[in-house]
Amino acid sequence: MTEIKLFGASTLAGFYLKKNYKKYLKKSSIVSFSRTNSKDIFFDLKSSKYPKELMIRDETLIISLAPLWKIVP
């Protein structure tokens, strides 16, 4: 089973992906991160604190829809 780590979950594309990913990726689970949506795991890319749910395994797919200007200095 693949686990999806979704960054930028509160974007329009993030909302769509969370709502519809099971149609295309039936054997997957999703863990979503956002700094603004309280339904997701809080994660601020500018912070040095990382949530425990960020642990990545071999079968993890990382999707970033976060604004690029938030990560690049």
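Two strands pair if DSSP finds at least two bridges between them. Strands here are DSSP runs of E with at least two residues, helices are runs of H or I with at least four residues, and both are numbered from the N terminus. You are looking at a predicted model, in which local features need pLDDT of at least 70 and side-chain atom pairs count only at pLDDT 80 or more, while totals for chains, interfaces and linings use all residues. Residues are numbered from 1 along each chain as its sequence is written, and side-chain values use heavy atoms, with hydrogens and water left out.

**Stop 1: the strands**

Start by selecting strand β2, residues 28-34. Of its 7 residues, 5 are buried (under 20% relative accessible area with a 1.4 Å probe, protein chains only; exposed is over 50%, partly exposed in between). Now add β1: it pairs with β2 in the parallel sense over 6 bridges. To see the register, pick Thr 2, which stands opposite Ser 28 in β2. Follow the chain from β1 through helix α1 (residues 12-24) to β2, and you trace a right-handed β-α-β crossover. Right-handed means that, with the strands pointing away from the viewer, the path from the first strand over the helix to the second runs clockwise.

Next, select strand β3, residues 41-42, which pairs with β2 in the parallel sense over 2 bridges. Here Phe 33 stands opposite Ile 41.

**Stop 2: Glu 3**

Go back to β1 (residues 2-7) and select Glu 3. Is Glu 3 buried or exposed? With a relative accessible area of 11%, Glu 3 is buried. Its side chain makes a polar contact (a donor and an acceptor, N or O, within 3.5 Å; residues adjacent in sequence count only if both atoms are side-chain atoms) with the side chain of Lys 5, at 3.4 Å. Beyond four places in sequence, the contacts of Glu 3 (heavy atoms within 4.5 Å) include Ser 29, Val 31, Met 55 and Arg 57.

**Stop 3: the phenylalanines**

Finally, show Phe 7, Phe 33 and Phe 43, which form one aromatic cluster. Rings of Phe, Tyr and Trp (its six-membered ring) pair if their centres lie within 6.5 Å; planes under 30 degrees apart count as stacked, over 60 as edge-to-face and the rest as tilted. The structure holds 3 aromatic pairs. One of them, Phe 7 with Phe 33, is stacked, at 4.9 Å centre to centre and 10° between the planes. Phe 7 lies in β1 and Phe 33 in β2, so this pair ties together parts 26 residues apart in sequence. Turn to Phe 33 and Phe 43: their ring centres are 6.0 Å apart and their planes at 70°, so this pair is edge-to-face. Phe 33 is buried at 1% relative accessible area, and Phe 43 is buried at 8%.
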